[in-house]
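Pull up the structure and keep the sequence beside it. Let's walk through the fold together, one piece at a time.

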Amino acid sequence: MSVESKKTRARCCSNFKLFLASMAFVFFSKAFGGAYMKSSITQIERRFDIPSSLIGVIDGSFEMGNLLVVAFVSYFGAKLHRPRLIGIGCLIMAAGSFLIALPHFFQGLYKYETSVSHSTDINSTASILPCLSNHSLAVADETPDLEAAGSSMWIYVFLGNMLRGIGETPIMPLGVSYLDDFAKEENTPFYLACIHTVGILGPMFGFMLGSLLAKIYVDIGFVDLDSVTINHKDSRWVGAWWLGFIVTGTIILLSSIPFWFLPKSLPKEGQEQKQENFLPDENQDHEEKNKPVTFQELAKGTFQNNVFTLMILTHLVAVNGFIGMITFKPKFMEQIYGQSASKAIFIIGIMNLPAVALGIITGGFVLKRFKLGVIGAARVSIAASFGASCLLFIQIFLHCDTAEVAGLTVSYQGVPQVSYNQQTLLSQCNMGCSCSMKHWDPVCAHNGVTYASPCLAGCQTSTGTGRGMMFHNCTCTGEMMTPGMNMSAVLGQCPRRSNCDFMFKIYMTFSVVGSFISACGGTPGYIVLLRSIQPDLKSLALGMQTLIVRTLGGIPPPIYFGALIDQTCLKWGTKNCGGRGACRLYDANKFRMTFLGLITGLYFLSNMLWGGVYRTVVKRQKKLTLRNQAKENGLEGNTVDNGHANISIGKNKEDADNESTI
């Protein structure tokens, strides 16, 4: 071998290693950005004062952008310079992340709802009179704040997330095909496993970054934090959501750099002759059948496969449940178990996501260790799906005591509230205060009950400034207390009466174990899907599967989950311009039954579809067994290995070319 040849081979090897490292980094980056977006849903909803149904549309815009270009990328991508296309995609993703953060710099300072003015002068001795000061609020409620009209700038977030979806499209199909083209066949699974393992770290870091920034006030560096009277546990609090998109955009931008230095093609890893032997063999096999086939005929042939069609439906239903759950789970933990948004995001990042990663690896190990075929893989998937559904069903019955809010969840006399309307916020104790019923500025009284505002608590005077402000002579608190007790209140909602931490730990145990069991069925389920497709239709079928699942499984769930969750809202916030803002308080029981009930229903429907898949696969195995027996008796010319791991689930009738084997 010449010196020049050795140098060329070393350079190609170096390029291939660079590509592997670049792919691992870009997988981490896109997962990092995607997880951060999910973790920021609540912050964006509060910042722009929009309902959950609209935040669902914003969240689904990523899939919309993906679908706009997936056909173009799939068709033309392989013919163009694949590494540079991936680099361009990363640039577009980075631009989308920066565009999402842009409204923060145009919108002005965040003005949260408050019913009283807060003095920041420590030496001030002026006492605010909450009850009397609200006589003018009825007029103030009707006065629009033109600056608040900037809340329509959520459209930038929508467009930015769509750009992220467009930019993400080339990474998976072009990156994996480039890897498969130039790696040894036996090395490809190992390389993919390494890339995905690094990619799994992305969501963990994304959720942890979301948790950290959710505790930092949105306008940090622009306002005096001592003047902010709310903390990160308040439903009006908005964290520094914009900062995370600058960080994720920068990381994605850096991940694009190596792809600009990679060649359009590389020599095949190892023996360079292998690539040349494959195509002639395939052309030879199909030499006699080389008549053109239309796309319509290919698609028809694909969907005539019952196993493939049932698998599409099964994945579609399961993905609907999963996307709805991961989008609104932080909100669920916040409303049902009284956790702050930052803590809920952090726990998902360090507990649920590692359990999912471990489950995926375990599912693959079980398949390899026990050498399971299609039937075995289907059994593992069904068992995992059913087990996860049972654990999810149990979670419906786990909950804490409902937060006691006067006029919303309990009456002013402490009796549980049966129904709610605007008038239930009023009582004899605050009737003379002319309180606004629109504002949400909660205070916690010493009787353990939260009141929607100091005025609605009937508070007459106040002392202190900022977060240390205290309200006194709150007449409404006296209706649930014995005479002579403390009738003061402090800013913020009251903690739950019962010890909710223990119940939350039980919930998280079920949640983490359920995540692990559900993920164990992921790899076996994908194997069943792959083995249900004829080899010559595999690329088309997987493209269709991705298109259908991402269209119907990625876009609608956040929207209809959000719309249903909106129906459980007890107290809507009010925009500065007077319109309805984000929800401040939900009916915990209705929220729990709606959210978990919908997810459980989708998972049980998925189980039923899995049963249909299993029955179809077993039926085909029986037909295959009879065919194999006939072949052994010399009735058929072709032979098929009848081992446990060699199960054919081709369509049915004509020749062995229509079968795919594992």
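What follows is a tour of the chain, from the overall picture to helix packing, single residues and strands.

First, keep in mind that this is a predicted model. The chain holds 21 helices and 7 strands. Of its 662 residues, 50% are buried. Look at contacts between residues at least 6 apart in sequence, and you'll find that 79% of them join residues at least 24 apart.

A good place to start is helix α4, which covers residues 82–101. One of its partners is helix α9, residues 171–182, and the two axes come within 9 Å and cross at roughly 155 degrees. An angle over 145 degrees counts as roughly antiparallel, so that is how α4 lies against α9. The crossing is left-handed. On the α4 side, the contact uses R82, P83, L85, I86, C90 and M93. Facing them from α9 are I171, L174, G175, S177, Y178, D181 and F182. Sorted by class, this contact of α4 with α9 has 9 nonpolar, 2 polar and 2 charged residues.

Now turn to another neighbour of α4, helix α8. Here the axes are 7 Å apart, and the packing angle is about 165 degrees. The angle makes α4 and α8 roughly antiparallel to each other, too. Again the crossing is left-handed. From α4 come G89, C90, I92, M93, G96, S97, L99 and I100, and they meet a set of α8 residues that includes Y156, V157, G160, L163 and G167. The classes in this contact come to 10 nonpolar, 6 polar and 2 charged residues. C90 and M93 are worth clicking on: they take part in the contact with α9, and they also appear in the contact with α8.

Zoom in on V157, which sits in α8, the helix of residues 154–168. Is V157 buried or exposed? Its relative accessibility is 0%, so V157 counts as buried. And what does V157 touch, leaving out residues up to four places away in sequence? The contacts are M37, I44, F48, I58, I100 and P103. You can also check the distance from V157 to S97: the two are 60 residues apart in sequence, yet 8.6 Å apart in space, C-alpha to C-alpha.

Next, slide back to H81, in the loop between α3 (52–76) and α4. H81 has a relative accessibility of 17% and, since under 20% is the cut-off for buried, H81 counts as buried. Residues up to four places away aside, H81 touches L262, P263 and K264. L262 is 181 residues from H81 in sequence, while their C-alpha atoms lie 9.3 Å apart.

One more helix pair deserves a look. Helix α14 (residues 306–337) packs against helix α18 (residues 522–531) at about 150 degrees, with the axes 9 Å apart. That angle makes the two roughly antiparallel, and α14 passes α18 in a left-handed crossing. The contact brings F308, M311 and H315 of α14 to G525, V528 and L529 of α18. It has 4 nonpolar and 2 polar residues, with no charged ones.

On to the strands. In general, strands of a sheet pair through backbone hydrogen bonds, either parallel or antiparallel. This chain has an open sheet of 5 strands, in the order β2-β1-β5-β4-β3, with antiparallel pairing. Which strands stand at the edges? They are β2 (450–451) and β3 (461–463); each has a single partner strand, so one side of each lacks a neighbour in the sheet. Within the sheet, β4 (residues 470–472) and β5 (residues 489–491) pair over 2 bridges. If you want a residue pair to look at there, M470 has V490 of β5 as its bridge partner.

Finish with β6 (residues 569–574) and β7 (residues 580–586), which pair in the antiparallel sense over 4 bridges. T574 stands opposite R580 in β7, and C569 has Y586 as its bridge partner. How many residues of β6 are buried? The count is 6 of 6, so β6 is largely enclosed by the rest of the structure. Strand β7 is mostly covered, with 6 of its 7 residues buried.

How values were computed
Residues numbered from 1 in each chain as written. Predicted model: local features only at pLDDT ≥ 70, side-chain atom pairs only at ≥ 80, totals over all residues. Heavy atoms only, no water. Axes fitted to C-alpha atoms, helices over the stretch in contact; angles between N-to-C directions. Parallel < 35°, antiparallel > 145°, perpendicular 65-115°, else oblique. Left-handed = near helix turned anticlockwise from the far one by under 90°. Contact = heavy atoms within 4.5 Å. Nonpolar A, V, L, I, M, F, W, Y, C, P; charged D, E, K, R; others polar. Pairing = 2+ DSSP bridges. Buried < 20%, exposed > 50% of the residue type's maximum accessible area, 1.4 Å probe, protein only.
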